[in-house]
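User: I would like a careful look at one part of this model, with the reasoning laid out and its surroundings described.

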Amino acid sequence: MMRSPAVALIAALPLLFGFKMFESRNSEVEQGNAAMQAGKAEEALAHYDKAVAKLPAEPGVHLDRGSALYALSRFDEARQEFLRATEGGQDQKLKASAFRNLGNALSKLDKHKDAVEAYKRALALNPADKAAKWNLEIALRKQKEEEKKQQDDKDKNKDDKKDDKKDDKNKDDKKDDKKDDKNKDKDKDQKKDQNKDDQQKQDKQEKQPQPQKAPENQPERIQEMLKNLEANPKDLERERARLRAVRRGPPARDW
């Protein structure tokens, strides 16, 4: 979605610092302020460190030290110093400045939601703080962008998980198909082996000698024939004559 030119301009512009250094008769604070005005943040920090050691409960000294750390891009340390500056003292403007600069440090750390709350606290203490109003608009815009990005990432993770589940299902289906194919091949092999065994048994049975059929009982057959002849005397007489003729016949020639 295209952003409007005004929104893009707000997001691109830097945060307004709006810092007014804490004034004190402490020599280390005065030297630190002078170094900060000269753009020597490292030197100023060294003086503020000494001032904090002497005045640990002074909110203004922590505010000054936090400003030096912020200038050195040590934003997390600056955040801690600005937070200490908000915890004590009765000067409402100083506390409002501490909350505004706390919001700046949080914005640099990409903690936009916390930065929004810090700017709101600053405006509650000093509604006329234009720098806090400006920075609040930037922080709100970045917070919305961050929330949208988080939601998009969440949706993307859901889609990725769905795709992973689909891939896993497809892999499982392929495994099942392969398993079925293996089972089919196994059944085929078992059937082949069974057929082979059956054929071998059949071949073995065919090679074995078959029992011969028992010959007919010859004596019984002759007795039956004699009975038939006795039943017919004429046939019996002819059979006897035939047998006598066969016995009296000339010997067979051997030439």
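In which loop is aspartate 110 found? And, as the part I want examined closely, which helices do the buried residues of α4 pack against?

Analyst: Please keep in mind that this is a predicted model, and every value below was computed from it. Aspartate 110 is found in the loop that runs between α6 (92-108) and α7 (112-125), and this residue has a positive phi of about 65° although it is not a glycine.

As for the setting of α4, the protein chain has ten helices and zero strands, so that the pattern read along the sequence is α-α-α-α-α-α-α-α-α-α. Of its 255 residues, 27% count as buried, and the accessible surface of the chain comes to about 19400 Å², with 50% of that belonging to carbon and sulfur atoms. Among contacts between residues at least 6 apart in sequence, 50% join residues at least 24 apart.

Turning to α4 (59-71), its length can be checked against its residue count: at 1.5 Å a residue, the 13 residues should span 18 Å, and the end C-alpha atoms are 19 Å apart, which agrees. Twelve of those 13 residues are buried, and α4 is therefore largely enclosed by the rest of the structure. The buried residues include Pro59, Gly60, Val61, His62, Leu63, Asp64 and Arg65, and the list continues through Gly66, Ser67, Ala68 and Leu69 to Tyr70. To answer your second question, these buried residues pack against α2, α3, α5 and α6.

One residue of α4 also stands out in the core. The largest nonpolar core has 37 residues, and Tyr70 is listed with Met36 and Phe82 as those with the most contacts inside it; at least two residues of this core are supplied by each of α2 (27-37), α3 (41-54), α4, α5, α6, α7 and α8 (130-207). As general background, nonpolar side chains in soluble globular proteins tend to be buried together.

Tyrosine 70 counts as buried at 13% relative accessibility, because the cut-off for that class is under 20%. Phenylalanine 75, with a relative accessible area of 18%, is buried by that cut-off as well. These two residues also come up when aromatic rings are considered, where the count comes to one aromatic pair. The ring centres of tyrosine 70 and phenylalanine 75 are 5.2 Å apart and their planes stand at 75°, so the pair is edge-to-face, given that angles over 60 degrees fall in that class.

Just after α4, serine 73 takes a positive phi of about 65°, although serine 73 is not a glycine. Serine 73 lies in the loop between α4 and α5 (75-85) and is partly exposed, with a relative accessible area of 49%.

A further loop residue, aspartate 129, is worth setting beside these two. Aspartate 129 is found in the loop between α7 and α8 and is buried, with a relative accessible area of 6%. Its side chain reaches the backbone nitrogen of alanine 131 at 3.2 Å, and, leaving aside residues up to four places away in sequence, aspartate 129 touches Arg100 and Leu123.

Taken together, α4 is a helix with twelve of its 13 residues buried, packed through those residues against α2, α3, α5 and α6, and followed by serine 73 with its positive phi.

Key
Residues are numbered from 1 along each chain as its sequence is written. This is a predicted model: local features need pLDDT of at least 70, side-chain atom pairs count only at pLDDT 80 or more; totals for chains, interfaces and linings use all residues. Side-chain values use heavy atoms; hydrogens and water are left out. Rings of Phe, Tyr and Trp (its six-membered ring) pair if their centres lie within 6.5 Å; planes under 30 degrees apart count as stacked, over 60 as edge-to-face and the rest as tilted. Buried means under 20% relative accessible area, exposed over 50%, partly exposed in between (1.4 Å probe, protein chains only). Helices (H or I, at least four residues) and strands (E, at least two) are DSSP runs, numbered from the N terminus. Contact means heavy atoms within 4.5 Å. Accessible areas come from the Shrake-Rupley method with a 1.4 Å probe; for residues, only the protein chains shown count as cover. A nonpolar core is a set of buried Ala, Val, Leu, Ile, Met, Phe, Trp, Tyr and Cys residues joined through side-chain atoms within 4.5 Å. The expected span of a helix is 1.5 Å times one less than its number of residues. A polar contact is a pair of N or O atoms within 3.5 Å; within protein, one must be able to donate a hydrogen and the other to accept it, and residues adjacent in sequence count only if both atoms are side-chain atoms.
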